[in-house]
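Colleague: Before we talk about this model, could you put the sequence and the structure up, so that I can ask how each term is justified?

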Amino acid sequence: ESTRKRLITLLAKKKDEYISGQKLSDELNISRAAIWKQMKSLENEGYQIEAVSRKGYRIVRFPERMSVNTIQWNLKTDWLGQNMHFEEQVDSTQTVAHQLAREGAEHGTVIVADEQLKGRGRLHRPWHSQKGSGIWMSIILRPDIEPHRAPQLTLASAVAITKMLKFLTGVQPKIKWPNDIFVGDRKLAGILTEMQAEQDLIEYVIIGIGLNVNLDQKAVPDDLQDVATSIQLETGKAWKREELIQELLYQMESIYELFLQQGFSSIKQAWEQDAYRLGETITVKARRKEWEATLIGIHEDGALIVEDENQSKSVLYSAEIDWKKGE
Ligand code: BTX
């Protein structure tokens, strides 16, 4: 690691705290004059650094370009994202995550990309991941739970995303079972959960999150014009992705801990509170059939509960739901 990178890491650790020149020179093993020179070069790259006598140095503003440093700068998690990778361009952060997980990457490792060339959704559907316009991120988790519970992590992640959106952006998101976040009838975000497991042991789970942030109408591809939305389209302004990622990881970490300690049922209520078309008639596609039903909610274990016109209830573990045909 270069001195420069280590210097940024030291400065970036705490948002509002100063670090003394002496401490920096001890940790990096370079002279005070060399540190001053490094600071000047950082400033030339767009960092704004404040120097206060007897206190030390502090980063006030980061450059526009996203990096591990700009994301970790104000990250309030204990473990999630403390190990982080950032790539300018990848095929898919999922692929990178699988590779890292196989090589032993620790629980809570996060991979963020500025652009994906082959972003993917479920069933090999493509996920449009234009440069600089969204959060394209994968999270490696190593939960000590039975493999059949892994889909609950998708629902838990959806709750974390809605909490972040409501808290920071004021957008009113709805969770469409099992893995999408909608605003109105347009998709704002999608979650792709993949798992490597044996019999009754999870080796790792990868939670992929795609969230459209600064995508304006012109940038939305033709085939997604009626399908997709972004935070910018919903709020009329551009957003700093780092800030959203920091809050999202913070929400994810606390919901994950709740999930492990108290089980999925502790998240069920939060999920249903923001459920898409709860109590309304929807079209359900499952078990090679398609029918209209009322969306009742989710079961204690995360399964979808729907009720048909004869008041007969179904509990579904795999299904696609859509708004009522003809609407
Ligand atoms: P999904 O299969 O539920 O949704 C995929 C469908 O969503 C596509 O068929 C298309 O209709 C629509 N779609 C494609 N791109 C977008 C977009 N940018 N915004 C809105 N709608 C879109 C959802 O799958 C899960 C997606 C996870 C994506 C993340 S990004 C980070 C990680 N890496 C990776 O390759 N995938 C995940």
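**Cavity, pocket and ligand**

Modeller: Let us begin with enclosed space, bearing in mind that this is a predicted model: a search of the whole structure finds one cavity of 30 Å³ or more.

Colleague: How much space lies in the largest cavity, and why is it called a cavity?

Modeller: About 80 Å³ of space lies in the largest cavity, and the name applies because a 1.4 Å probe fits at the points of a cavity but cannot get out. Its lining includes Trp79, Leu80, Leu141 and Phe259, while the elements that give two or more residues to that lining are α6 (150–169) and α8 (241–262). The largest share, four residues, comes from α8.

Colleague: How do the residues of the lining of the largest cavity divide by class?

Modeller: Ten are nonpolar, one is polar and none is charged. Ser157 is among the lining residues, and Ser counts as polar because it is in neither the nonpolar nor the charged list.

Colleague: Where does the ligand sit, and what makes that statement hold?

Modeller: The ligand sits in the largest pocket, which means that more than half of its atoms lie within 2 Å of the grid points of that pocket. About 770 Å³ of space lies in the largest pocket, and of the 42 residues that line the largest pocket, the closest to its centre are Arg125, Pro126, Trp127, Asp180 and Lys187.

Colleague: Which element gives the most to the lining of the largest pocket?

Modeller: That is β8, with five residues, and the elements that each supply at least two residues include β7 (180–183) and β14 (320–323). By class, the lining of the largest pocket has 16 nonpolar, 13 polar and 13 charged residues.

Colleague: Which residues come nearest to the ligand?

Modeller: Of the 27 residues around the ligand, Ser92, Arg120, Arg122, Arg125 and Lys187 come nearest. The shell around the ligand is made up of nine nonpolar, 13 polar and five charged residues, and α5 (93–102), β5 (134–141), β8 (186–198) and β9 (201–212) each supply at least two of them.

Colleague: How do you know that the pair between the ligand and the side chain of Arg125 is a polar contact?

Modeller: An oxygen atom of the ligand is 2.8 Å from an N or O atom in the side chain of Arg125, and because the cut-off for such a pair is 3.5 Å, the pair counts as a polar contact. A nitrogen atom of the ligand is likewise 2.8 Å from a polar backbone atom of Arg120, and a nitrogen atom of the ligand is 3.1 Å from an N or O atom in the side chain of Thr93. Taken alone the ligand exposes 780 Å², of which the protein buries 93%.

Colleague: Turning to the backbone, which residues does a cis peptide bond join?

Modeller: The cis peptide bond joins Trp177 and Pro178, with an omega of about -5 degrees, and Pro178 has its place in the loop between β6 (174–176) and β7.

Colleague: What is the phi of Asn29, and where is Asn29 found?

Modeller: Asn29 has a positive phi of about 60 degrees although it is not a glycine, and Asn29 is found in the loop between α2 (21–28) and α3 (32–44).

How values were computed: Residues numbered from 1 in each chain as written. Predicted model: local features only at pLDDT ≥ 70, side-chain atom pairs only at ≥ 80, totals over all residues. Heavy atoms only, no water. Near = heavy atom within 4 Å. Polar contact = N/O pair within 3.5 Å; in protein donor to acceptor, adjacent residues only side chain to side chain. Areas by Shrake-Rupley, 256 points an atom, 1.4 Å probe, with all protein chains shown as cover. 1 Å grid on protein atoms, 1.4 Å probe; cavity = no way out; pocket = protein on both sides within 12 Å on 5 of 7 lines; lining within 4 Å. Points joined across faces, edges and corners; volume = space filled by probe spheres on them.
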